[in-house]
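Colleague: Before we look at any details, could you take me through this model step by step, as you would for somebody new to reading structures?

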Protein chains: 2
Amino acid sequence: MLAEVKINPREKIFLTATRMFRETGFSATSMRNISKELGIEAASLYSHIQSKEEILREICFRLAAEFFEVLQTLENSEEGPEEKLKTLITAHIKVLTRDTNASAVFLNEWRHLSEPFHSRFMDMRQKYEHAFRSILKEGIRLGKFKAADEKFMALTILSALNWTHTWYSPEGKMSPEQISDQLYSIILNGIKN
Amino acid sequence: MLAEVKINPREKIFLTATRMFRETGFSATSMRNISKELGIEAASLYSHIQSKEEILREICFRLAAEFFEVLQTLENSEEGPEEKLKTLITAHIKVLTRDTNASAVFLNEWRHLSEPFHSRFMDMRQKYEHAFRSILKEGIRLGKFKAADEKFMALTILSALNWTHTWYSPEGKMSPEQISDQLYSIILNGIKN
DNA sequence: CCTACCGATCGGTAGG
DNA sequence: CCTACCGATCGGTAGG
C-alpha cells in the first residue's frame with residue numbers, strides 16, 4: 001500500500017525524461033527542463049530518482065535486456081537459418097516498436113553513459129551483433145545465403161531494422177508484424193543464394 | 001598572402017570540432033574542450049569562428065550540398081530506375097565515406113541546429129528522401145520493382161546506406177565502390193520483381 | 001592569441 | 001514536494 005504511492009511519480013518522470021531525451025538529446029535536456037514539463041521544481045525530482053544518468057541507465061539496460069531475452073529463446077532452437085533470421089527480425093522489431101521514445105534513446109544516447117556502464121553496454125551490443133552474425137554464417141555454410149562478408153551483412157541488416165523507430169506509429173497503417181514480414185522478405189531476397 | 005594566414009587555424013578548429021562532436025555529441029562538447037585539444041584558450045577560438053553553432057551549421061550544410069549535387073546529375077538522366085538507383089547509391093556512399101566524422105555529425109547532430117537552420121535542414125532532407133522515393137516509384141510503375149510501399153522501401157534503403165560511416169575505414173578491406181556494389185546488389189535483389 | 005571577466009545555467013544537496 | 005543554495009561550467013565578449 002505504502003510502496004504503491006511512490007511508483008507513479010517515478011514512472012511519470014521516466015516517461016517524460018525519455019521523450020525529452022529523444023527529442024533534444026540527453027546532454028541538452030536539463031533537469032530543470034524535465035521538472036518544468038512536469039510542473040514541479042528541479043530539486044523535487046531527486047526524491048524519486050538518484051541522478052540524471054540513472055534515467056539514461058535504466059532506459060538503455062532495460063531495452064538491452066529485452067533484446068537479450070530474444071537471443072535466449074533462439075539458443076536452443078532447432079530451426080534453420082532462415083527461420084531463425086525471421087524469428088530474430090520479428091522479435092527485434094517487436095521490441096523496437098513497443099516504445100519508440102525509449103528505442104531512440106537506447107540507440108542514440110548510450111554514449112553518454114559513464115563508466116563502467118558505457119563499456120558494459122558496448123559489450124552487450126557486441127554480443128547481440130555476434131548472435132546475428134552467427135545465424136548468417138550458418139546460412140552461408142549451409143549454402144542458403146550468399147557467400148559474402150557476414151559482418152557487413154549483419155551491420156546492413158541491423159541498420160535497416162534500427163531505423164524503424166523513427167517513423168513507426170501505433171496509429172500508422174503498418175503493424176509491427178507487417179513491418180517485420182516486409183523487412184524479412186526484402187532481406188531474405190537480398191541475401192539468399 | 002594575408003588571407004592565407006587565417007585559413008589554416010580555422011580549418012584545424014573545424015576538423016577537431018567535427019571529430020569531437022562525433023565522439024561526444026554537439027551539446028556535450030564545450031568550446032573549452034575543443035580549445036584544450038588545440039592547445040589554446042577558449043576565447044581564442046572566437047578569432048576564427050563566430051560561434052559554436054557556426055561549426056555545426058557548416059558541417060551539416062556542406063554535406064547537404066554534396067548530397068544535392070548528386071541529385072542534380074540524375075535530374076536529366078535518361079537511365080532506367082535500376083541504373084538511377086545504382087548511380088544514387090554509389091554517389092551517396094562516396095559522399096558518406098569521404099569524411100566519416102563529418103558524416104556522423106551530419107546524420108546525428110543536426111537536431112541541435114537553431115531556427116531557421118533546423119527547418120531548412122529538414123526541408124532538404126525531405127527533398128532528398130523524395131528523390132529517392134520517386135526513383136522507386138518509377139521502378140514500380142515500370143514493373144521492375146516489387147509493388148510495395150515505396151516510402152517504407154526508401155527509408156529502409158537509406159537507413160542501410162546511412163550506417164556505413166560507423167564502420168568504414170579508408171584502411172579497411174572494402175573500398176567505397178565495393179561497398180556500394182554490395183549494397184546495390186543486396187537492395188536490388190531485395191526489391192526487384 | 002591571451003587575461004580577465006560576464007550573466008546564465010548546470011547537476012545536485014541541505015533542510016524542512 | 002518546496003525554498004534556498006552550492007561549486008562548477010557554460011558560450012561568449014572586452015580589450016589588448
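Colleague: Which residue has a side-chain N or O atom 2.7 Å from a base nitrogen of DNA strand C?

Modeller: Please keep in mind that this is a predicted model, so every distance here is computed from its atoms. Among the residues that are closest to DNA strand C are Lys52(A), Glu41(B) and Ser44(B). The 2.7 Å distance to a base nitrogen, however, belongs to the side chain of Arg32(A).

Colleague: What share of the atoms of DNA strand C that come within 4 Å of the protein is sugar and phosphate?

Modeller: Two phosphate contacts can be described in turn, and in one of them a backbone N or O atom of Met31(A) lies 2.8 Å from a phosphate oxygen of DNA strand C. In the other, an N or O atom in the side chain of Tyr46(A) is 2.9 Å from a phosphate oxygen of that strand. Among the atoms of DNA strand C within 4 Å of the protein, the share of sugar and phosphate is 52%.

Colleague: Which helices each supply at least two residues of the surface near DNA strand C?

Modeller: In total, 13 residues surround DNA strand C, and they divide into five nonpolar, five polar and three charged. At least two residues each come from helix H2 (31-38) of chain A and helix H3 (42-45) of chain B.

Colleague: Which residue of chain B comes closest to the rotation axis?

Modeller: Chain B is superposed on chain A by a rotation of 180° with 0.0 Å of shift along the axis, and the two copies are thus related as by a two-fold rotation axis. Judged by its C-alpha, which lies 2.1 Å from that axis, the residue of chain B that comes closest is Gly190(B).

Technical notes:
Residues are numbered from 1 along each chain as its sequence is written. Chains are lettered from A and ligands numbered from 1 in the order in which they are written. This is a predicted model: local features need pLDDT of at least 70, side-chain atom pairs count only at pLDDT 80 or more; totals for chains, interfaces and linings use all residues. Side-chain values use heavy atoms; hydrogens and water are left out. Copies are superposed by least squares on the C-alpha atoms of residues with pLDDT of at least 70 in both. A residue is near a molecule or strand if one of its heavy atoms lies within 4 Å of it. A polar contact is a pair of N or O atoms within 3.5 Å; within protein, one must be able to donate a hydrogen and the other to accept it, and residues adjacent in sequence count only if both atoms are side-chain atoms. Helices (H or I, at least four residues) and strands (E, at least two) are DSSP runs, numbered from the N terminus. Ala, Val, Leu, Ile, Met, Phe, Trp, Tyr, Cys and Pro count as nonpolar, Asp, Glu, Lys and Arg as charged, and the others, Gly among them, as polar.
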